[in-house]
Amino acid sequence: MVFSSSTFLFIVLPIFLLITLIFKGSKISNLLLTILSLVFYAWGEPVYVLLMIGSVFVNWLLAMPASRLAKAEDSIIKRVCLCITIAFNIGLLCLFKYAGFIAQSVNSLLGLSIPVPDIALPIGISFFTFQVMSYVIDAYRGDVRVQFNYLKLLLYVSFFPQLIAGPIVRYADIELQIDNREVTVERFAQGLRRFIVGLTKKLIISNCVGLIVDTVYACKPEELTLPLAWLAAICYCLQIYFDFSGYSDMAIGLGRIAGFDFLENFNYPFTAVSIQDFWRRWHISLSTWFREYVYIPLGGNRKGQLRTGINRVIVFFLTGLWHGAQWTFVIWGLIHGLFLMLETYGVIQPAKWKFKPLRYIYTLFVVCIAFVLFRAESFSTAFTMLKTMFIGPFSTHIGDIRLVSMLNIYNIVIIAIACIAATPVLGYLRERITNKRAADCIGYVASAALAVICILAISNTTYNPFIYFRF
């Protein structure tokens, strides 16, 4: 079930709002939200909901020894328990997400014929696995208290707003809010407005540019032209940003309605002035997770430049692999890692470029090219698109017809709006309004109008994918 579906908007959302308003963060509210979250997940994964419940239960048990061992210095038992927990969670990911990929890679590399398992990928397994791992690791570090109530831990992991596409919420960030959170009319209204903004990003912007991307990628190689290829590349950057940031906005908004404060997951990444800056702004919860639980434990930047470079390669290799069991994702991650290292070692120094717009152009160029690999289903498709972007024909008969049909007035307006909305311009203009009450009033009126537009969009389209569901 997706947030932008009529089932969610007209059935699940009203139930959620009623639970929140009536019980306001009480123990009954926790229980009902847990049940609602499990039903929400089971709607699309009737079997794998048991996998998630079991995963949380095993991690809950494995975290128990941390209540006695968290402060123990270099305890062998502590390290063994933690290693067992990590092995269990990584093993779960490998089984359901990477088993087929590993078998295919080994077969291709060694010329073997290992049977390739065909296991359906549970929705959101990467998100909820990383989330529960962070809890156990923090418990053994002594950064959070062990949660002895299984249902509370299950609520933390299964809470439907962030369950299947993030953001990845650390237990430390909402530990106190599970038992004590504030549900007010103001927070309710703010959360609902944030949800509508995210819904608009998804339905109005992402779906529109997504259709352009899918149309271009469905073209035969001989039909592609240089303008078409660049249009698809740029539109895909917009699609994935508004798709994922829109989902994060909806998750943050729903969390706020229920009294939970989730951290921001995006901060206008397309205004970044370097690749390093981009990763401070893009999918912040994931980059933070890898920094806290992979990069720093590996030594971070404390063991010399060579080790720092190796650590970053490892992190971005895993970042690419986390996104999907496919080598195109791995290369996408390594491209970012490569440019990050070039910036770190001073080979590329955007901060020293006097012509500041060049910093934006450089960052967007690298991000856009890398996303071609992210979108392509194979290296062959990626190579065809990249080749066409740089040395492809500028014009073909069919390509010109497709370009004209896609660049209609509606699509041009949506792309223009997307480019503006991807920057902090609107927020800046809002801050310039001295009367904050008037600014809030305008915001709520605009949100109501957007909600109506979104409902109309849902009733008139069947194209409604969520990119990050496959991760």
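Visitor: How do H2 and H3 lie to each other?
Guide: H2 and H3 are oblique to each other (angles outside under 35, over 145 and 65 to 115 degrees). This is a predicted model, with local features needing pLDDT of at least 70 and side-chain atom pairs 80 or more, while totals for chains, interfaces and linings use all residues. Numbering starts from 1 along each chain as its sequence is written, and side-chain values use heavy atoms, without hydrogens and water.

Visitor: What angle, and how far apart are the axes?
Guide: About 135°, with 8 Å between the axes of H2 (27-44) and H3 (48-63). Axes are fitted to C-alpha atoms over the stretch in contact, and angles run from 0 to 180 degrees between N-to-C directions. Helices are DSSP runs (H or I, at least four residues).

Visitor: Which residues meet there?
Guide: From H2, Leu38, Tyr41 and Ala42; from H3, Tyr48, Val49, Met52 and Ile53 (heavy atoms within 4.5 Å).

Visitor: Switching topic, how many salt bridges?
Guide: The count is 14 (Lys or Arg side-chain nitrogen within 4 Å of an Asp or Glu carboxyl oxygen). One of them joins Asp179 and Lys152 at 2.7 Å, N to O.

Visitor: Where do those two sit?
Guide: Asp179 is in the loop between H9 (171-174) and H10 (185-217), and Lys152 is in H7 (150-158); the pair links distant parts of the chain, 27 residues apart.
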